[in-house]
Amino acid sequence: MRTLRMFPTSINNDYIDIAVNDMRDGKPIIYPTDTLYAIGCDALNNRAVENICRIKSIDPKKHFLSVVCADISQASVYARIDNKAFVILKQYLPGPYTFILPAATTLPKIFKGRHQVGIRIPDNPITLQLASALGNPILSSTADWPDADEDVTLPEAIADHFAHSGIDLFIDEGECLSTLPSTIVDLTDSSSPVVIREGKGQFDF
């Protein structure tokens, strides 16, 4: 597995280009967010999304899928955001939250029949630069596994676990400072937000 060492305070644009080119070629990568490391690919590439579902043993027909976006403007292309939802997103993003929103018809066919999509805009310059440079949302799934425990925060352990999964690029920004995932908030009814999972972000609206 190729490892590119990069920090949010010192982004290497050449490394961003390498990662984006991999995703454009349909390859998954491991990259940092503002919570845990994630496995990501071009969300508009159905074969790449199916590959991540295989790696993570996810049934896309049954499991919740989320995408990372560069900003709310990009997110609004793939999710329906009303005025109340927009106010909430502006208040909490970028940040460690996944907001469940009504899905737009522009999502790829693997999302067909799904009425909701998770939207992530992490507070991590590397993540945002990847989504911006790709120009598409990044299908994202936490780089974890059963019984990972503290290993989920360690780049070396993550790289070792996924070494033979078909992922050959890892953007390493060092050990995660938290073991908590994002906080998930259901905004499908924006007048009554519901916290589905409490994680790193504190939601009080």
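This is a short tour of a predicted model, moving from its nonpolar interior to its cysteines and then out to the surface.

**Stop 1: the main core**

Start by selecting Ile 30, Phe 99, Ile 119, Leu 139 and Phe 162. These residues have the most contacts inside the largest nonpolar core, which has 49 residues. Now colour the elements that each give at least two residues to this core: strands S3 (38-42), S5 (97-102) and S6 (116-120), together with helices H2 (46-55), H3 (72-78), H4 and H6 (155-161). Which of them supplies the largest share of this core? Helix H2 does, with five residues. As background, nonpolar side chains in soluble globular proteins tend to be buried together.

**Stop 2: Phe 99**

Keep Phe 99 selected and show its surroundings. Setting aside residues up to four places away in sequence, Phe 99 touches Ile 88, Leu 89, Tyr 92 and Leu 93, then Val 117, Gly 118 and Ile 119, and finally Val 185, Leu 187 and Phe 203. Apart from the main core lies another core, of 18 residues; to find it, select Met 6, Ile 16, Tyr 31 and Leu 134, which are among its members.

**Stop 3: Phe 162**

Next, go to the loop between H6 and strand S8 (169-172), where you will find Phe 162. Is this residue buried or exposed? Phe 162 counts as buried because its relative accessible area is 3%, below the 20% cut-off. Beyond its neighbours within four places in sequence, Phe 162 is in contact with Met 1, Ile 30, Ile 39, Ile 55, Ala 143, Asp 144, Trp 145 and Ile 167. Try a distance label from Phe 162 to Ile 39: they are 123 residues apart along the chain, and their C-alpha atoms are separated by 9.9 Å.

**Stop 4: the cysteines**

Now show the cysteine sulfurs. How many disulfides does the structure hold? It holds zero. Cys 69 is in no disulfide, and the nearest cysteine sulfur, in Cys 41, is 13 Å away. Cys 69 is buried, at 0% relative accessibility. Move on to Cys 176: its closest cysteine sulfur is also that of Cys 41, and the 20 Å between them is too far for a bond. Cys 176 is buried as well, with a relative accessible area of 10%.

**Stop 5: out to the surface**

Finally, turn on the surface and select Phe 86, Val 87 and Phe 205. Together these residues form a nonpolar patch with about 300 Å² of accessible area. Val 87 sits in helix H4 (residues 83-92) and is partly exposed, with a relative accessible area of 47%. Helix H4 therefore appears at two stops, since it also supplies at least two residues of the main core while carrying Val 87 of the patch.

Notes
Residues numbered from 1 in each chain as written. Predicted model: local features only at pLDDT ≥ 70, side-chain atom pairs only at ≥ 80, totals over all residues. Heavy atoms only, no water. Patch = residues over 30% accessible without salt bridge, like charges linked within 9 Å, V, L, I, M, F, W, Y side chains within 5 Å. Areas by Shrake-Rupley, 256 points an atom, 1.4 Å probe, with all protein chains shown as cover. Salt bridge = Lys/Arg side-chain N within 4 Å of Asp/Glu carboxyl O. Helix = DSSP H or I, 4+ residues; strand = E, 2+ residues; numbered from the N terminus. Buried < 20%, exposed > 50% of the residue type's maximum accessible area, 1.4 Å probe, protein only. Core = buried A, V, L, I, M, F, W, Y, C linked by side-chain atoms within 4.5 Å. Contact = heavy atoms within 4.5 Å. Disulfide = S-S within 2.5 Å.
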